[in-house]
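Student: I've got this model open and I'd like a close look at one part of it. Could you pick out a single residue, walk me through its surroundings, and then set it against the rest of the chain?

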Amino acid sequence: MPASLSPREVVAIFGILLGLVPRFSAAQVVSVGPPVLREVSLRTDTATYLLSHNTVAVQGVPTLYFWFRQDDETLELRLYPAEATSAKPLRLRRSPDFQQLDSLTKEGDGGFRTRLKFSNLTSSRFLRLVVEQAADSAGRTPRREIVPLLPLARTSLVLRVADNELFVGEEKVFELTSSNPRNIHATGEWVRGTEFDYRLVAEANGTLRLHVLPNQLGVRSLAVKLQTERPTLVAGNRISYQLPVLKQEFNVKASRLRFLSPDKRSVTMDESSRRKGTELILDNGRSFELHRTYRVEDQEEPGGELIAEIYTRQFLSNDRVLCYLRPYNTHRQTEGYLYIKENDVARYLTNLDITPQTVIRNVQVLHRGGEWTPSLSVSPGETVDVRLEGEGLQKARISFEDLPIIPSDSSVRTDARLVYRVRVPVSFDKRKSNVYNAGQATGYALSIREFQRPHPLDFISVAYGDAARPITKLNGPVLYDGTIRDVVFQFNPNAIDTPELLFGKQYLSFEIRTLNAKGELIELRNVESLLVCPGDNSPRATFYADKQCRTDPLSLNSLLGRKTYDLDEWSRIVVTVKHQSSQYGETGYTQTVELVLKRRYKFDIDVSFPAGLLTRKQGDDGFGDLGGISLATLAQFSFYSPNKINRLRPYKIGAGFVALNAFNLGSSSTNRDLGVVILGSVYPTRREAKFTFPLYLGGGYLLGTSRWFYMLGPGIGVRL
């Protein structure tokens with residue numbers, strides 16, 4: 001104690017210290033809160049696990065365990081609060097290891113229920129439930145309790161060996177069968193032993209493979225010790241990660257030939273490698289001599305086919321040998337081992353692929369719905385299959401300049417044939433796409449050819465007096481009542497291509513025929529190689545640039561000698577529009593436009609011979625005697641049937657002169673007279689009749705007797 005303090009100051013200091021002691025004690029008692037949970041229940045589809053009964057010590061911590069069968073197991077969770085009468089609800093904190101499917105709901109037994117779906121029980125570590133309950137007073141930290149979880153899994157593992165014969169130094173692979181392969185701890189590392197070396201490898205598809213390498217001769221027993229990712233429960237309420245030991249006896253024999261592993265799995269046989277050789281690193285064969293050439297054959301017995309020669313150049317520090325390999329023939333590892341021989345005696349085994357230099361000899365293209373063709377022309381927006389044939393293609397790295405390769409189930413990849421599916425973008429702006437192998441040009445290229453296929457002729461319309469109409473909607477003859485000043489064909493380039501469907505240039509031909517009312521040819525004109533190109537709305541519009549592309553209408557009067565407005569009644573204009581098959585390799589579309597100059601009536605001067613007329617003159621009683629043959633010259637109107645071409649109705653009406661009894665030479669001439677008449681006649685409608693017998697009805701004024709009269713009777717008509 002410092003000497004400067006007085007006895008009174010010392011007493012005051014002790015009093016302050018004595019007052020602080022109770023406060024420190026009270027703080028230690030508050031930090032230990034009462035428990036939040038009385039019980040925790042986890043229920044699967046087969047069992048229920050309670051915190052009060054199903055626990056196991058993990059690193060000294062009581063942990064609730066449960067058995068699972070699937071990584072994404074769904075369990076029912078029930079939480080029972082320590083204070084059953086507490087009104088404060090429970091809350092389960094979120095965790096990336098599981099998904100809470102339902103909200104915590106209070107049940108009739110006082111517990112809170114929800115469902116949990118775990119994400120990956122096999123690989124998840126340190127699973128736990130964090131349960132919180134709000135504090136009794138505001139502003140205080142919520143009460144919290146942590147429940148550790150331990151998933152348990154049952155896992156079996158079986159090794160079945162069909163042939164238990166092994167050779168020293170030769171690795172052999174066996175497949176293991178497991179009820180839960182994902183729970184097997186496979187490191188892929190070698191486990192070294194005096195009798196065997198082994199390692200366990202898990203492949204991407206879940207298959208377990210055991211690699212075994214024997215080290216000693218005789219009947220040896222292999223003991224494989226493996227562990228699991230998730231433990232199991234053993235006697236004494238203990239957990240264990242150890243699987244039962246797999247035991248298998250093998251008969252290990254001495255290998256006659258030692259296998260030497262090369263550093264390359266494939267060597268290309270070309271002129272350079274045949275003359276100068278390719279560097280190759282092999283395991284040290286112990287009996288190798290430097291600067292010596294060894295023969296490599298495809299069989300162990302003497303006289304095998306020479307596959308290659310190996311020239312030993314230098315020993316390396318890692319117990320390997322640098323060699324030169326000179327290949328003379330091709331070889332595949334699947335065809336068997338290669339034997340390294342000295343003086344025609346096999347000393348070692350090795351294996352690698354010796355493949356020819358990649359050579360492309362033929363390229364063909366398959367269009368959708370077509371056949372393989374040697375023409376390498378493809379069109380923008382098209383998906384095609386490209387087949388390459390040659391040698392050494394399996395190791396080729398083929399690419400198409402600026403064209404994507406589409407993965408396909410039908411792709412073929414062999415040493416002699418490759419098939420790729422290639423998509424040509426609509427916006428491709430080159431005239432060809434070179435084919436490359438590992439970045440080097442192969443000499444082949446896909447030529448880009450614009451689509452050139454016939455489009456339906458609905459992009460062509462015709463105007464002949466009314467508004468223009470698409471020619472595809474003119475089905476049958478068009479009867480036009482009026483003068484056709486001109487027939488104009490118009491083209492709509494924007495109706496050819498769409499962003500989804502391309503057709504390209506349209507090569508058309510026009511055959512123009514004009515015929516008279518009798519169907520006789522008046523004039524024939526042909527327009528060949530009329531070219532219509534897609535409009536600006538086409539994605540390939542800039543690539544269709546051609547000076548021959550037609551945009552202006554086609555006028556028939558600019559081609560015909562006898563114009564359309566000079567044609568007689570019931571003349572016909574027949575225009576046949578079709579695609580030029582020579583430009584497409586197919587027929588294309590054809591459309592015929594037929595215009596008929598329709599008339600409602602016809603005016604003509606007609607001479608006929610009424611005979612046997614009954615006439616009644618003004619002032620006479622009754623009809624007179626039947627007259628003889630008369631002569632009638634009439635200006636007549638004939639009427640056409642509105643729905644037929646050049647077919648007259650069976651009646652006419654006209655006015656003119658009639659000479660009564662003009663040819664009645666056997667009687668007196670007192671009954672002869674000349675009259676002005678209006679006559680209606682009924683004619684037969686048969687066209688093939690040369691003689692007709694019309695009926696007449698009318699009346700007029702007799703010039704000789706100056707009287708009005710009426711007449712009725714037949715006549716004779718002659719058709720020339």
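Tutor: Sure. Let's start with the whole protein, which has 3 helices and 55 strands. Keep in mind that this is a predicted model. Of the 720 residues, 39% are buried. Among contacts with a separation of 6 or more, 61% are between residues 24 or more positions apart. On the outside, the protein exposes about 40,400 Å², and carbon and sulfur atoms supply 51% of that.

Now for the close look: Arg-230. You'll find Arg-230 in strand S18, which covers residues 227-234. What is the nearest side chain of opposite charge to Arg-230? That would be Glu-229, but Glu-229 is 7.6 Å away, and Arg-230 has no salt bridge even though it is buried. A salt bridge here needs a side-chain nitrogen of Lys or Arg within 4 Å of a carboxyl oxygen of Asp or Glu, so the 7.6 Å to Glu-229 doesn't qualify. There is a backbone oxygen to look at, though: that of Leu-121 lies 2.7 Å from a polar atom of the Arg-230 side chain.

Leu-121 also turns up in the list of residues that Arg-230 touches, leaving out those up to four places away in sequence. Thr-122, Ser-124, Arg-125 and Leu-127 are on that list too. So are Leu-150, Pro-151 and Ala-153. Phe-68, Asn-183 and Tyr-241 complete it.

For a contrast, try a couple of loops. Most residues other than glycine have a negative phi. Asp-319 has a positive phi of about 60° although it isn't a glycine, and you'll see it in the loop between strand S25 (306-315) and strand S26 (320-327). Buried or partly exposed? Asp-319 counts as partly exposed because its relative accessibility is 35%. Asp-344, also not a glycine, has a positive phi of about 65°. Asp-344 lies in the loop between strand S27 (338-342) and strand S28 (345-350), and at 40% relative accessibility it counts as partly exposed.

One more turn is worth a click. Strands S43 (residues 506-515) and S44 (residues 521-532) run antiparallel and are joined by 9 bridges; one of the pairings puts Phe-510 opposite its bridge partner in S44, Val-527. The two strands form a hairpin with 5 residues between them, and here the positive phi, about 85°, belongs to a glycine, Gly-519 in the turn.

Technical notes
Residues are numbered from 1 along each chain as its sequence is written. This is a predicted model: local features need pLDDT of at least 70, side-chain atom pairs count only at pLDDT 80 or more; totals for chains, interfaces and linings use all residues. Side-chain values use heavy atoms; hydrogens and water are left out. Two strands pair if DSSP finds at least two bridges between them. Helices (H or I, at least four residues) and strands (E, at least two) are DSSP runs, numbered from the N terminus. Buried means under 20% relative accessible area, exposed over 50%, partly exposed in between (1.4 Å probe, protein chains only). Lys and Arg count as positive and Asp and Glu as negative; His and the chain ends are not counted. A polar contact is a pair of N or O atoms within 3.5 Å; within protein, one must be able to donate a hydrogen and the other to accept it, and residues adjacent in sequence count only if both atoms are side-chain atoms. Contact means heavy atoms within 4.5 Å. Accessible areas come from the Shrake-Rupley method with a 1.4 Å probe; for residues, only the protein chains shown count as cover.
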